[in-house]
Amino acid sequence: SLWDDRGAGEGPVWVRIDREAQLISVFRGPDEIGTAVILYGAPSKPTPAGSYPVLAKMRDHRSSLYDAEMPYTLRLTGDGVSIHAASVREGRATHGCIGVPEDFAKRLFEHVKVGDPVVIV
């Protein structure tokens, strides 16, 4: 993952998730300030496309449904689709969430506010 906001313009923060490319990109105004490889939903529990505001931030969240640690959670939907830290490696998938490397998740958590938009394509 990469994060570099030196020289980035001012403006709103927004996030773009590209399921096909398996990438998350974070923008401040027109400038990309971070990118990382992601995990996303398995075919049986896909990650939904669309535009979502960040509904809530939870630093030390645990999924009650899947009994799984979900550090640095950014909740996107009422039914639990979130961006969170995960072990991102080949052959892994999520139950519809977007998993990102923990160092990236921490930075993202620090920069994104409730209400900031996330676009999933």
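Let's start at a turn: in the hairpin of β7 and β8, Gly-80 takes a positive phi near 105°. This hairpin has 6 residues between the strands. The model you are looking at is predicted, and the hairpin is a handy place to begin a tour of its two sheets, a helix, an aromatic pair and a pocket. As a reminder before you set off, strands of a sheet pair through backbone hydrogen bonds, either parallel or antiparallel.

**The sheet around the hairpin**

- The strands β7 and β8 belong to an open sheet of 4 strands, with the order β6-β7-β8-β9 and mixed pairing.
- At the edges of this sheet stand β6 (56-63) and β9 (98-100), and each of them pairs on one side only.
- From one strand to the next, the twist averages 30°.
- Follow β6 to its partner β7 (residues 68-75), and you will find an antiparallel pairing over 7 bridges. Within that pairing, Met-58 has Thr-73 in β7 as its bridge partner.
- Moving on, β7 and β8 also run antiparallel, joined by 2 bridges. Here Arg-75 is matched with Ser-82 in β8.
- The last step goes from β8 to β9, which run parallel and are joined by 3 bridges. Look for Ala-85, whose bridge partner in β9 is Val-100.

**The helix across that sheet**

- Helix α1 (residues 102-111) lies across β6, β7, β8 (82-85) and β9.
- Compared with the direction of β7, helix α1 runs at about 35°.

**The other sheet**

- A second group to find has 6 strands, which form an open sheet in the order β1-β4-β3-β2-β10-β5, again with mixed pairing.
- Which strands stand at the edges of this sheet? They are β1 (2-3) and β5 (50-53), and each has a single partner strand, so one side of each is left without a neighbour in the sheet.
- Inside the order, strand β2 (residues 13-18) pairs with strand β3 (residues 23-28) in the antiparallel sense, over 6 bridges.
- To see that pairing on your screen, pick out Val-15, which stands opposite Val-26 in β3.

**Aromatic pairs**

- How many aromatic pairs does the structure hold? There are 3 aromatic pairs.
- One of them joins Trp-3 and Phe-104 in an edge-to-face arrangement, with 5.4 Å from centre to centre and 65° between the planes.
- Trp-3 lies in strand β1 and Phe-104 in helix α1, so this pair ties together parts that are 101 residues apart in sequence.

**A pocket to explore**

- The second largest pocket holds about 160 Å³ of space.
- Its lining includes a run from Val-37 through Ile-38, Leu-39 and Tyr-40 to Gly-41.
- Val-88, Arg-89, Glu-90, Gly-91, Arg-92 and Ala-93 also line this pocket, and so does Gln-22.
- Sorted by class, the lining of the second largest pocket has 6 nonpolar, 3 polar and 3 charged residues.

Conventions
Residues numbered from 1 in each chain as written. Predicted model: local features only at pLDDT ≥ 70, side-chain atom pairs only at ≥ 80, totals over all residues. Heavy atoms only, no water. Pairing = 2+ DSSP bridges. 1 Å grid on protein atoms, 1.4 Å probe; cavity = no way out; pocket = protein on both sides within 12 Å on 5 of 7 lines; lining within 4 Å. Points joined across faces, edges and corners; volume = space filled by probe spheres on them. Nonpolar A, V, L, I, M, F, W, Y, C, P; charged D, E, K, R; others polar. Axes fitted to C-alpha atoms, helices over the stretch in contact; angles between N-to-C directions. Contact = heavy atoms within 4.5 Å. Phe/Tyr/Trp six-rings, centres within 6.5 Å; stacked < 30°, edge-to-face > 60°.
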